Amino acid sequence: MSNGTGRICILDGRLNISMKGRTLNCVGTRDGELDCELKNTVFKLYCEGGSVSGVGDKTGKGDVTAQSCQFDVMFLTGDGWWLGSPNGTLSVVDCKKDIKINK
């Protein structure tokens, strides 16, 4: 959950996540360096929590690439981050997204 390093590849899939808690990470880590490669995948993420991270590393680094993906995201949180890493690169190509944070 924290200080993780590595690489995650999610290709040609469907990911449905529903969580409630204080500190939540759907796909990724915090304060780490995690690269995420996403292709042709549907992400349905529903989270309720104090701090919520979707895909990537909310406070660390790591590169996130998303190609031909669909993101349906609903977060109820005081501190939400849905995609990418603040100290990494983000590349999004031909993706559909419906992002709702506190709506």
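# A guided tour of the predicted model

Begin by selecting Phe71, which is buried, with a relative accessible area of 1%. The structure on display is a predicted model, and the tour moves outward from this residue through its ring partners, the sheet, the charged pairs and the cysteines.

## Stop 1: the aromatic rings

Keep Phe71 selected and add Phe43. A search of the whole structure finds two aromatic pairs. The rings of Phe43 and Phe71 have centres 5.0 Å apart and planes at 10 degrees, so this pair is classed as stacked. Colour strand 4 and strand 6 to see where the two rings come from: Phe43 belongs to strand 4 and Phe71 to strand 6, so the pair ties together parts that are 28 residues apart in sequence. Phe43, like Phe71, is buried.

Next, add Trp82 to the selection. Phe71 and Trp82 form an edge-to-face aromatic pair, with 5.4 Å from centre to centre and 75 degrees between the planes. Is Trp82 buried or partly exposed? With a relative accessibility of 22%, Trp82 counts as partly exposed, because the limit for a buried residue is under 20%. With the three residues shown together, one sees a cluster of Phe43, Phe71 and Trp82 linked by ring pairs.

## Stop 2: the open sheet

Switch to a cartoon view and select strands 1, 3, 5 and 7. In which order do these four strands lie in their open sheet? The order is 1-3-5-7, and the pairing is parallel. Strands of a sheet pair through backbone hydrogen bonds, either parallel or antiparallel. At the edges are strand 1 and strand 7 (90–93), each of which pairs on one side only. On average, neighbouring strands of this sheet are turned by 5 degrees against each other, direction ignored.

Zoom in on strand 5 and strand 7, which pair in the parallel sense over four bridges. Select Gln67 here, and look across to Val93 in strand 7, which stands opposite Gln67.

## Stop 3: charged pairs

Side chains of opposite charge can pair when their charged atoms come close. How many salt bridges does a search of the whole structure find? The search finds five.

Select Arg7 and Glu37 to view one of them: the closest N and O atoms of this salt bridge are 2.4 Å apart. Arg7 lies in strand 1 (residues 5–11) and Glu37 in strand 3 (residues 33–39), so the salt bridge ties together parts that are 30 residues apart in sequence. The surroundings of the two partners can be compared by turning on a surface display. Arg7 is exposed, with a relative accessible area of 53%, whereas Glu37 counts as buried at 16% relative accessibility. Add Lys39 to the view, and a network of salt bridges appears that links Arg7, Glu37 and Lys39.

Move on to Lys58 and Asp79. The closest N and O atoms in their salt bridge are 2.9 Å apart. Lys58 is in the loop between strand 4 (42–57) and strand 5 (64–67), while Asp79 is in strand 6 (residues 70–84), so this pair ties together parts that are 21 residues apart in sequence. Lys58 is buried, with a relative accessible area of 10%, and Asp79 is partly exposed at 32%.

Select Lys100 and Asp98 next. Their side chains meet in a salt bridge at 3.4 Å, N to O. Lys100 is partly exposed, with a relative accessible area of 31%, and Asp98 is partly exposed as well, at 35%.

## Stop 4: Arg22 and its contacts

Select Arg22 in strand 2 (residues 14–29). Arg22 is exposed, with a relative accessible area of 71%. Which residues does Arg22 touch, not counting residues up to four places away in sequence? They are Gly49, Gly50 and Ser51. A distance label drawn between the C-alpha atoms of Arg22 and Gly50 should show a separation of 4.8 Å, although these residues are 28 residues apart along the chain.

## Stop 5: the cysteines

Finally, display the cysteine sulfur atoms. The structure holds zero disulfides. Why is Cys26 not bonded to Cys47? The sulfur of Cys26 is 3.4 Å from that of Cys47, its closest cysteine sulfur, and this is too far for a bond, because a disulfide requires sulfur atoms within 2.5 Å. Cys26 is buried, with a relative accessible area of 14%.

End the tour at Cys36, which is in no disulfide; its nearest cysteine sulfur, that of Cys9, is 8.8 Å away. Cys36 counts as buried, at 2% relative accessibility.

Definitions and conventions: Residues numbered from 1 in each chain as written. Predicted model: local features only at pLDDT ≥ 70, side-chain atom pairs only at ≥ 80, totals over all residues. Heavy atoms only, no water. Salt bridge = Lys/Arg side-chain N within 4 Å of Asp/Glu carboxyl O. Helix = DSSP H or I, 4+ residues; strand = E, 2+ residues; numbered from the N terminus. Buried < 20%, exposed > 50% of the residue type's maximum accessible area, 1.4 Å probe, protein only. Contact = heavy atoms within 4.5 Å. Phe/Tyr/Trp six-rings, centres within 6.5 Å; stacked < 30°, edge-to-face > 60°. Pairing = 2+ DSSP bridges. Axes fitted to C-alpha atoms, helices over the stretch in contact; angles between N-to-C directions.
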